[in-house]
Structure formats: structure tokens, C-alpha cells
Amino acid sequence: MSNELTSFSPGSGRRVRPRSHLASDAEALNLSGEWRFSFSARADLAPEGAAAVDFDDSDWDEIALPAHWVLLGGDDWGKPIYTNVAYPFPVDVPNVPDENPTGDHRLAFEVPEGFLPDGRVLLRFGGVESLCIASLNGVEVGVIRGSRLAQELDVTEELRVGTNVIHLRVHQWCAHSYLEDQDQWWLPGVFREVELLARPDGGIDDVWLRADFDPDTGEGAIVPELLAHPSAWPITIALPELGFATTIASPDDLDAFGVGIVEPWSADRPNLYEVEVSNAVESRTLRVGFRRVEIVGHEWLVNGTKLRLRGVNRHEYDPDHGRVFNRERARDGLLLMKQHNINAVRTAHYPPHPELLELTDELGFWVIDECDLETHGFVFDDWESNPTDDIRWRDALLDRVQRFFERDKNHPSIICWSLGNEAGVGSNSEAMAAWLHRRDPERPVHYEPDYDLTHTDVVSRMYATVEAMADMSQGAGKHEFGTPGRNAVLAERPMILCEYAHAMGNGAGALSLYEEAFDTLPQWHGGFVWEWRDHGLRQTTPEGVEFHAYGGDFGEVLHDGSFVCDGMVLSDGTPTPMLAEFAAVTSPIKLDVWENAMLVENRRHDGDTSDLRFVVVDEHDGRVVSEIEVELRPVGPAGDSGIAELPEALAPHGGEAWRTVRAELLEDSAWAPAGHVVARVQFRTHGVIEPSLPSGPSIRPVLGDDGRITIGRAVFDARTGDLVSLGDVDMAGPRLDLWRAPTENDSLSDFHSYVDVEPIASRGVGGPAPSSETQWRTAGLDRLQRRVLAVDVSPEGLRVLHRYAPAASRESVLVELLWEVRDGQLVLAADAQPSRGWTGTWPRIGLHFVLPGGLERVEWFGTGPNENYPDSREAAIVGRFTGTLQDMTVNYAVPQESGHREGVREVVLPDVGLTVRAHEVGGKRPGFQLRAHDPHEVAAAAHPHELPGSARTHLHIDAGVHGLGSRSCGPDVRPEYQLRPGPAQWSLRFKA
Ligand code: IPT
């Protein structure tokens with residue numbers, strides 16, 4: 001076995017210095033496609049002599065590159081492994097396990113006459129995980145490390161016209177795996193392109209055009225850096241669109257030059273200019289965006305305007321192909337981001353495929369490009385011997401930062417470089433930052449573990465509470481990670497949350513509080529939600545059911561379960577409600593509306609509102625009565641605002657009246673069609689005072705000798721007081737429910753909770769309370785027992801009294817149900833009164849009705865269209881909605897609480913002809929949830945396909961629910977969104 005496996009070296013062989021990834025008219029040959037492949041479970045079992053030209057590979061398998069072999073071979077080629085922080089192998093630097101899955105790849109390919117230039121040929125690797133030993137025509141040409149970094153090898157000597165044989169031996173583990181401990185699947189393979197690039201003599205080897213914009217004059221300037229052989233000069237730089245060209249005679253004449261007035265580049269208006277850099281031999285094209293990035297005190301400016309990052313952390317991910325890039329799918333993902341007001345991407349936690357950055361340039365995103373580095377597993381030993389502070393790793397880390405920078409340096413969308421993620425600090429991270437500062441004096445360097453900001457430029461935190469953010473802004477409070485008292489110094493610098501709002505399962509809540517903090521605390525510039533998309537891998541059960549696998553589903557010994565599924569988009573590409581919530585909260589167009597006026601504030605970086613139209617819709621009881629477009633003078637960017645008068649809203653003939661204003665695109669844009677809604681706001685212009693009872697006389701109950709009580713068309717069980725049917729509809733209940741299927745934010749507890757601290761005693765984090773799920777189970781909320789205290793018949797109706805309490809508990813809840821039938825409607829007034837002694841929180845207080853199964857359609861008047869919760873309801877609007885039972889819940893990677901919608905007025909189930917109306921009690925309306933499974937069934941399933949078949953439909957009418965929070969990785973539900981034990985009332989009417 002080769003000692004390459006344990007080497008600290010960044011690589012060896014014919015490596016050449018890193019360069020930009022740029023288009024060229026020189027010859028190139030992409031070696032993607034079918035290769036021969038042989039899998040070995042151990043490095044020492046790999047086929048001997050496989051690099052030889054005449055090696056017989058006829059009995060090898062085939063593989064289509066680029067690919068992670070582990071996703072293609074069924075069980076034959078090993079399996080994916082998911083760990084978050086822990087290394088899946090013993091920490092024994094620089095050693096790796098003998099069981100080191102190894103893939104041998106061979107390809108015979110033809111090099112046409114005319115491909116070989118008078119010059120050199122480079123073999124370029126876009127990304128290989130993790131160690132690649134490359135041979136060409138039997139000669140070892142290089143050893144490549146750094147899985148998501150490009151590497152070129154000079155193969156001029158080995159390549160020939162005619163048939164060539166390339167062999168790549170790829171080992172899953174090598175010493176550098178210690179540097180690649182990102183929270184994601186471990187997926188070995190040649191997952192980016194392998195290409196041959198002809199480098200003609202006198203060609204232009206590298207280009208860096210730093211395109212500056214002067215916000216005062218509106219002029220653009222270019223600082224060129226060209227790398228070429230002395231014979232390559234003169235070189236011409238042309239920007240045809242500006243009618244500009246300049247010829248540079250020699251490297252000594254490489255001075256900055258102005259190009260006159262230009263349209264600047266920003267994420268909002270990504271103006272790009274084609275540039276041709278050419279000489280007699282080669283022509284290279286790229287697109288530049290003119291923009292100036294600078295930090296002035298605590299302000300981070302682009303083109304003189306403070307940045308506001310509405311960002312996401314984006315991994316390279318596809319449910320079938322892992323980190324193999326697909327331009328169309330990547331583009332679709334970015335369009336979806338733009339459509340949800342996302343304007344920034346952190347390339348967590350490695351540089352993406354180079355074409356992604358072409359797309360972010362073109363579509364407009366502020367990008368933090370991150371180097372391929374994470375050593376998180378060292379945290380368990382308090383960062384003892386951490387590579388970032390170990391001299392043996394210095395060359396490798398400097399090599400990494402150089403390779404990622406040089407490849408990506410031309411992209412205007414990159415406004416910041418990041419050293420990596422969760423790798424601690426030390427002399428090596430300092431050296432990496434210093435190298436970047438020297439090489440690119442303009443763009444700031446980010447590195448979150450530099451808590452004290454000793455060697456980077458932007459204060460960065462993860463999952464901070466808004467209280468901690470306020471403290472940091474004031475330069476006070478406790479400095480959470482670094483040196484005490486340091487907050488006063490940090491307050492002089494710009495701040496971001498490089499991760500916040502952990503989008504795992506249902507949640508995260510409280511986005512609007514972050515929005516407010518970003519808007520009001522001067523040092524804060526926004527943040528990046530963790531994360532864009534779940535990373536479930538598409539699999540099929542033996543029964544043929546498709547599902548998305550997470551940690552543990554491949555039999556891993558050590559894994560982190562569903563923590564790999566924590567995105568605003570599900571593995572299959574479905575956006576979760578959090579994405580709509582994010583769009584609503586962070587829209588740069590802020591709307592406010594009253595009876596007769598609306599206010600528009602434009603918080604875009606760039607561009608007025610002339611691309612928008614403002615539509616005012618009035619609805620009475622959820623039905624549109626008028627829709628008009630309102631004229632508004634264009635409102636300028638960066639905080640300008642404008643007011644428009646609105647016509648008086650008509651009073652409804654009873655019922656509610658709502659006025660909705662929406663800002664929508666006037667015309668098709670590069671990222672959304674005309675009519676796409678950028679912002680929306682609602683205002684109730686007329687309320688209702690609802691009659692407490694229908695007007696008609698009440699119908700007398702009849703006690704039958706079948707043990708049933710009948711009131712009109714409603715039938716009850718005389719012993720329990722439970723509703724049995726209404727008309728033709730079988731029903732059961734209601735039972736009091738205090739339980740919900742825990743969300744992952746309910747069940748995880750690595751972060752502190754606000755539950756312990758009421759009122760919040762210390763600022764920032766709360767106490768180390770057990771998870772909500774643990775607290776709720778301990779309190780017995782999932783196992784309430786019921787005792788019937790009374791079922792009393794009177795001439796007006798039925799009075800039922802139930803007592804609910806868990807085993808071994810003195811705490812109880814008394815529920816009184818008063819049933820009447822009037823005007824053909826079944827009327828329920830319900831009241832729940834908890835005993836003394838309850839502590840902590842409740843997930844819900846609801847009435848649970850069981851309805852027939854097989855219901856398909858649902859219509860409701862209330863909030864929607866998506867699920868919403870006390871700390872996540874900015875996207876919810878009041879209106880009439882229709883859907884299917886399936887639409888009512890979200891298929892999270894792990895089944896959990898889902899589908900609650902606050903403020904319900906009416907639910908109609910047309911399949912059985914049942915209507916349920918909910919009325920305000922004490923100014924409050926309940927929410928509802930309709931689902932094919934009850935909370936116990938949901939909680940018991942680990943994947944959606946494990947949910948049992950269901951013969952019931954469960955309707956919960958919840959007087960209150962607990963918020964969502966973000967405690968799977970971040971702050972728990974805040975005090976104002978907690979559901980504390982307390983009384984509840986319902987006023988419902990049913991019609992069948
Ligand atoms: C943070 C990591 O940076 C990120 O990669 C991801 O693992 C995230 O957590 C959770 O999903 S680190 C955490 C200790 C705050």
C-alpha cells in the first residue's frame with residue numbers, strides 16, 4: 001500500500017500552479033463518460049499493475065464519470081456514510097483504516113491529430129474524493145489531494161496522438177480526510193470532470209481582471225493581471241459592449257485602466273460585460289462585473305451601499321448523484337432562491353463546481369466562497385493537535401487556499417473569501433488569511449472560528465440568539481467563545497450570522513426577530529440560513545417504495561441520523577413552508593397597508609420599484625370584491641419609501657373584510673415571470689361580531705334505549721358523551737389532546753432553552769433544559785387517560801364533563817363540552833381548565849375529532865396556504881384555500897408535527913359534506929390540523945414510508961400550540977411563542 005495515504009503533502013508529481021477557470025478557444029478534451037471501473041474494499045486489494053497500458057481490464061465494471069461510485073454500485077461498491085462532526089474512522093493522524101474503499105478507473109481514449117499544440121497539455125481534475133493517483137500511458141503523473149479543489153497536471157511528455165490510457169486510483173480515505181470533515185455524506189469518487197487542456201505556446205495562461213466601480217463617478221476601471229509567456233505579448237483586452245479595447249505591450253505595462261461610465265454589478269442588478277482577452281494565439285473570454293467591495297468601520301459596503309445578506313448555506317447535492325454537478329438543476333435551484341428573496345449564498349463548506357459561480361454572477365447573488373476545510377472532529381479533544389494549528393499541515397492548508405482562490409478569483413459575485421468551517425484557529429488559519437489578504441487586498445476574509453477577529457475581517461457567528469446579537473452590537477455582554485471583554489472591539493467591525501435558523505424538519509421559527517435585528521443593529525449585515533436543501537439519498541425499499549435515506553439507513557456504525565436533512569427544500573426538491581416564510585420575512589420590499597393608504601419601503605441594494613406593480617385586493621369573507629392597481633412613483637433603493645392613497649374599502653354585509661396589497665413583477669425577469677409576488681401584506685378593514693348562537697330554538701335531546709343520545713341529526717354515546725355521528729358522517733371524540741408528534745426542534749437539545757428562564761434572567765442563551773419532547777413525555781402529555789365525570793341531558797342539550805390526566809400524575813385538565821342543535825347546526829361550547837401544578841410547556845391544547853378515512857378534498861377559510869405556527873406565520877394570509885389531504889402536511893424526512901394553520905374560520909370536507917365553523921372566543925380563534933395519521937402514529941415512524949395505512953382522518957381544533965423554535969441547532973422557542981399550561985375555550989359549529 002502506498003505511503004501516499006498518510007502523507008501531509010498537498011500533492012505531488014506534475015502539478016502546475018493554480019489558475020482561473022476560464023473559457024478559451026484552445027483545444028480541450030472532456031474525458032467524461034464511460035470508464036472501466038474496479039472496486040476494492042481495501043486499498044491493498046486494489047488490482048496490481050492496473051496503470052500499465054496493456055493491463056487487461058476486460059472483466060472490470062463500467063462507470064459513467066463524473067460519479068461517486070458508492071451511489072452507483074448497489075451494495076457492491078460500498079455504501080455512503082453520514083456523519084456530522086465525528087470522523088467515521090479512528091482519530092490517529094495521519095493514519096487511515098486498512099478498510100479503505102478504493103476505486104480503480106481506466107479509460108482508453110483517442111487524441112486526434114491537431115490536438116497536440118506546440119506547447120503543453122494539462123490534465124485538469126475538477127474534484128476527486130479523496131486521494132487520486134493518476135497515471136497516463138503507464139507513467140504516474142501525479143498524486144492529487146483536496147477533494148473539492150481543482151488540480152492541473154502537466155502531461156505534455158506522456159500524451160500522444162492516437163490511443164492513450166489513463167488510470168486513476170482513488171482511495172476514499174487519506175490523511176487529508178482529516179481536513180474534510182464537513183457535515184455531509186462521505187462520497188468517494190471522481191465527481192467532477194477530468195479534462196485535457198491544450199496550452200499553446202504563446203497562449204494566455206491566466207487572467208485576473210479586477211473590475212472596480214467608483215460609486216461617486218459611475219466609472220469603471222480594470223486592474224489586469226495576465227500570466228503569459230514572454231512570446232505571448234502584446235495582449236488585447238476588449239469590452240465590445242463599451243466599445244473599449246486596449247492592447248498591452250508587455251507585462252511591464254500592466255496598469256489599471258478606466259473604461260468610462262458603466263452599469264455596476266450587484267446581486268439585485270447583476271450587470272456583466274463580456275471581455276475578450278486575446279493575442280495572436282489564444283482568445284479567452286470572461287464576464288466582468290464592476291463593483292467595489294470595502295469595509296469602512298463596521299459597515300461592509302458594495303458600491304458605497306451597505307450590504308444586506310439574505311442568504312442560505314448551499315451544499316452541492318443531488319438525491320441521486322450526490323455532489324456531481326448538473327448545471328440545469330443548479331440553475332433551477334438558484335432561480336428558486338431568487339424567487340424567495342434570497343440574495344446570498346455561502347458555498348458551505350467547500351468551493352462549488354466552477355460553473356455555479358458563473359450562474360451566481362449572472363443571476364445575482366452575493367457569494368461567500370468557502371475553502372475546502374473542516375476539522376470539526378477535533379473538537380472532542382478540545383482541538384488538541386488540530387491541523388489548523390499544526391505545522392505539519394501548513395503547506396497543505398496554504399495550498400488549499402491558493403487553489404480555491406486562484407480558480408475563482410474573477411467572479412464578481414464573490415464578495416468574500418472564507419477559510420473554511422469549524423476547523424478551529426491557529427498559525428495555519430492565520431497564514432491562510434494572510435495569504436489571501438496579500439493576494440486580494442479588496443475582498444474581506446471570513447472565518448467564523450476566528451471569534452476574536454484576530455486575522456479575518458468580518459465578525460461571524462452561528463445560531464446566536466437575538467439577545468446575543470444585541471449585546472455584540474453594543475459591544476457589551478459576554479463574549480461567547482473568545483476572549484472576555486472582546487465584544488467592545490468586535491463592535492467596531494461588520495457582523496454576520498454565517499449560519500442561523502436551522503431548517504431541520506418543521507421550523508425554524510422566529511425568523512422575523514432576526515430580520516428586525518439585522519435591520520436595526522448597525523453592525524449586522526444579515527445572515528445565511530442553515531441550509532438550502534435536505535441531503536437525503538433516493539433509495540427503494542425491498543417492497544419497491546421510494547424514499548430518501550439519511551444517516552443510519554446504510555447500516556453505518558456511527559452516524560448522525562436525520563441531521564443531514566435540514567434544508568428549506570426537501571430532498572426531492574419540494575420547497576418547505578419555511579422557504580415561503582423566509583421569502584415573506586426577508587422581502588426587500590416592505591409593505592404596510594391601512595384602510596386608505598399603503599406604504600412601500602424599498603430595501604434593495606440597487607434598483608427602484610419601477611419593475612413592480614402594486615395590486616390592492618379587497619375580500620369579503622375570503623371572496624374577492626375588488627382588485628385594483630395602485631400608481632406609485634418609483635421608490636429608490638437602500639431605504640427610500642413612498643406612500644399611496646387607497647380608496648376606502650367597502651364594508652361587508654356581515655363577515656370580515658380583508659385588504660391585501662401585493663407587489664408583483666410587472667414583466668418577466670431573469671429569475672421569475674411577470675406576476676411573481678415579491679411582497680404581500682394584509683389588513684383587516686372590517687371585523688365581525690359573531691352571534692354566540694344560531695338564532696333558532698334548541699332541539700331537545702332524546703335518550704334512546706340503544707345507549708345513544710340523539711339531538712337532531714347528531715348522535716352521542718350516552719356513557720362517554722362522545723359524538724358518534726352527525727348525519728351520515730361517522731365521528732368520534734372530541735378528546736382533549738396535549739400532545740403532538742415531536743418536531744426535530746422539539747426532540748433535540750444540544751442548545752439551551754428559554755424554558756428554564758422565565759423571565760430571561762441572563763441575556764443570550766437560557767438554561768440547559770431537557771428537550772421539549774423529554775419534558776412532555778415526562779409530564780405524560782403523550783399518555784393522557786380520560787375519566788367521564790358527567791353526561792347530563794337537559795331540554796337545551798347535552799353537558800359532558802371529562803377529566804384528563806396521565807398515570808401517576810396529580811395534574812389534570814377538566815373539559816366541559818356543551819352541545820346544542822339549533823337551526824340545523826350542531827353547536828359546541830367547550831372549556832378546558834387545567835388543575836394547579838402544571839409546569840413547563842405544552843405542545844398543544846386541542847380537541848381531537850376522528851373522521852372517516854379516505855377524505856381527499858378540503859376547503860378552508862382561515863390562514864394559509866401553508867402550515868403556520870405562533871413563531872412562523874409571516875407568510876400566512878387570511879383567505880379561502882382548497883387542497884387535498886396530502887397538501888395539508890409536509891413530508892419531512894422524519895415524520896413529525898405538521899399542518900397546523902392558525903385562525904381557522906371554516907373547514908369544509910366536501911367528500912362527506914361536513915362543515916366545521918370556528919368562532920372567536922375572547923378575541924381568539926383556534927387553529928386546525930387535518931391529517932391521515934394521529935400524533936402517535938406519526939411519532940412512531942422514522943421515514944414517511946413507514947407510516948401505516950390509515951382508515952381515519954384526524955381533525956384537531958387547537959386553541960393553542962407551542963412555537964417551533966430552532967433548537968435542533970439553535971435557540972429554543974422564545975418565551976412569547978411558548979404554550980404554557982392554561983385554560984382554553986372553543987366555540988364550534990358543525991353541519992353535515
Ligand atoms: C454547524 C456546521 O457548521 C454546519 O456544517 C452544520 O453541521 C450545522 O452546524 C448543523 O446542521 S456547527 C454547529 C456546532 C453549530
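A surface patch, as the word is used here, joins residues that have over 30% relative accessible area and no salt bridge, with like charges joined within 9 Å; a salt bridge would be a side-chain nitrogen of Lys or Arg within 4 Å of a carboxyl oxygen of Asp or Glu. The model on screen is predicted, so that local features need pLDDT of at least 70 and side-chain atom pairs count only at pLDDT 80 or more. Residues are numbered from 1 along each chain as its sequence is written.

Begin by selecting Glu34, Asp56, Asp59, Asp61, Glu62, Asp75 and Asp76, which gather on the surface as a patch of negative charge. Within this selection, pick out Glu62, which belongs to strand β5, residues 61-65, and which, at a relative accessible area of 47%, is partly exposed (that is, between the limits for buried, under 20%, and exposed, over 50%, with a 1.4 Å probe).

Next select helix α2, residues 354-363, where 7 of the 10 residues are buried, so the helix is largely enclosed by the rest of the structure. Those buried residues are Pro354, Leu356, Leu357, Leu359, Thr360, Asp361 and Leu363, and their cover includes α1 (327-339), β29 (366-370), α3 (394-408) and β30 (414-418). Following α2 is Gly364, with a positive phi near 95°.

Finally, go to Ser771, in the loop between α9 (744-747) and α10 (772-779); Ser771 counts as buried, with a relative accessibility of 3%. Show the residues around Ser771: neighbours within four places in sequence aside, Ser771 is in contact with Asp746, Ser747, Leu748, Ser749 and Arg967, contact meaning heavy atoms within 4.5 Å.

Terms used: Side-chain values use heavy atoms; hydrogens and water are left out. Patches are made of residues with over 30% relative accessible area and no salt bridge: like charges are joined within 9 Å, nonpolar side chains (Val, Leu, Ile, Met, Phe, Trp, Tyr) within 5 Å. Accessible areas come from the Shrake-Rupley method with a 1.4 Å probe; for residues, only the protein chains shown count as cover. Lys and Arg count as positive and Asp and Glu as negative; His and the chain ends are not counted. The place of a charge is taken as NZ of Lys, CZ of Arg, CG of Asp or CD of Glu. Helices (H or I, at least four residues) and strands (E, at least two) are DSSP runs, numbered from the N terminus.
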